[in-house]
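Colleague: Could you take a close look at one part of this model for me, namely the salt bridges and the elements that they tie together? I would like a connected account rather than a list.

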Amino acid sequence: MKQKELLEKAVNEIVEQRGLFLVEISVSKDNDIDVTVESDSADITLEDCVAISDYVNARLDREVEDYSLTVGSAGLTSPFKVVRQYKKFVGSVIEVTLKEGQRMKVVLESVAEDGISVSYERSVKVEGQKKKVKESVTETLSFSQIKSAKPVISFK
């Protein structure tokens with residue numbers, strides 16, 4: 001799509017006005033545009049999606065290129081794509097899948113530009129005891145180690 005720069009500029013303008021942030025823009029070879037947005041605190045409303053769609057449609061020219069536009073939120077089951085999504089879930093349980101294949105549920109303690117700090121409990125064998133003992137572990141994971149991460153939904 002030749003209007004990609006215009007598209008990104010328009011999306012960033014409107015999401016900032018609405019107190020949201022851009023997660024991803026994808027454009028297929030058929031000019032199907034998918035815009036994914038997120039909020040630091042509140043839920044994304046239908047009105048937010050309509051406002052973003054209207055704003056973007058007003059700035060792109062269908063006479064130059066035909067396209068379809070879909071605007072939506074990242075959703076609770078979607079993997080994180082930007083650092084700002086991690087920051088929203090500090091203090092919450094997330095599921096992390098490492099590139100080496102290990103999957104773990106952890107509490108997200110903090111977020112830096114290059115990685116995250118997580119805590120979890122693991123069972124360890126103590127010499128002289130039959131039963132394993134749980135110990136708390138805090139670990140730092142770089143984003144280069146992480147294949148995917150997403151929030152864990154709990155209904156407790």
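Modeller: What follows goes through three of the salt bridges and then turns to the sheets and helices around them. Please keep in mind throughout that this is a predicted model.

The structure holds eight salt bridges in total, and I begin with the one in which the side chains of Arg-18 and Asp-48 meet, at 2.8 Å from N to O. Because Arg-18 lies in the loop between helix H1 (4-17) and strand E1 (20-27), whereas Asp-48 belongs to helix H2 (residues 46-59), this pair ties together parts that are 30 residues apart in sequence. The two partners differ in their surroundings, since Arg-18 counts as partly exposed at 34% relative accessibility, while Asp-48 is buried, with a relative accessible area of 8%; the value for Asp-48 falls in the buried class because that class takes in residues under 20%.

A second salt bridge joins Lys-81 to Glu-24, with 3.7 Å between the closest N and O atoms. Here Lys-81 sits in the loop between strand E3 (68-73) and helix H3 (83-88) and Glu-24 in strand E1, so the parts tied together are 57 residues apart in sequence. Glu-24 is partly exposed, its relative accessible area being 31%. The distance of 3.7 Å between Lys-81 and Glu-24 still counts because a salt bridge is accepted within 4 Å.

The third pair consists of Arg-84 and Asp-40, whose side chains meet at 2.6 Å, again taken from N to O. Since Arg-84 lies in helix H3 and Asp-40 in the loop between strand E2 (32-39) and H2, this salt bridge ties together parts that are 44 residues apart in sequence. Both residues are classed as partly exposed, Arg-84 with a relative accessible area of 36% and Asp-40 with one of 38%.

The strands named so far belong to an open sheet of three strands, in the order E1-E2-E3 and with mixed pairing. Its edge strands are E1 and E3, each of which pairs on one side only, and neighbouring strands are turned by 20° against each other on average, direction ignored. Between E2 and E3, which run parallel, there are six bridges, and Asp-32 stands opposite Ser-68 in E3.

Two of the helices can be placed against these strands. H1 lies across E1 and E2 and runs at about 155° to E1, whereas H2 lies across E1, E2 and E3 and runs at about 150° to E3. On helix H1 one finds Lys-9, which counts as exposed at 53% relative accessibility; its C-alpha atom is separated by 9.3 Å from that of Val-56, although these residues are 47 apart along the chain. A further contact of a charged group is that of Arg-59, whose charged end sits over the ring of Tyr-55, 3.5 Å from the ring centre.

Beyond this part, five strands form another open sheet, in the order E7-E6-E5-E4-E8 and with antiparallel pairing. Its edge strands are E7 (133-142) and E8 (146-151), and the twist averages 40° from one strand to the next. Within this sheet, strand E6 (residues 115-124) and E7 pair over ten bridges, with Val-118 standing opposite Glu-139 in E7. Finally, the structure holds three aromatic pairs, and ring pairs link Phe-80, Tyr-86, Phe-89 and Phe-143 into a cluster.

Note on methods
Residues are numbered from 1 along each chain as its sequence is written. This is a predicted model: local features need pLDDT of at least 70, side-chain atom pairs count only at pLDDT 80 or more; totals for chains, interfaces and linings use all residues. Side-chain values use heavy atoms; hydrogens and water are left out. Helices (H or I, at least four residues) and strands (E, at least two) are DSSP runs, numbered from the N terminus. Buried means under 20% relative accessible area, exposed over 50%, partly exposed in between (1.4 Å probe, protein chains only). Two strands pair if DSSP finds at least two bridges between them. Axes are lines fitted to C-alpha atoms, for helices over the stretch in contact, and angles run from 0 to 180 degrees between N-to-C directions. Rings of Phe, Tyr and Trp (its six-membered ring) pair if their centres lie within 6.5 Å; planes under 30 degrees apart count as stacked, over 60 as edge-to-face and the rest as tilted. A charge sits over a ring if NZ of Lys or CZ of Arg is within 6 Å of the ring centre and within 35 degrees of the ring normal. Contact means heavy atoms within 4.5 Å.
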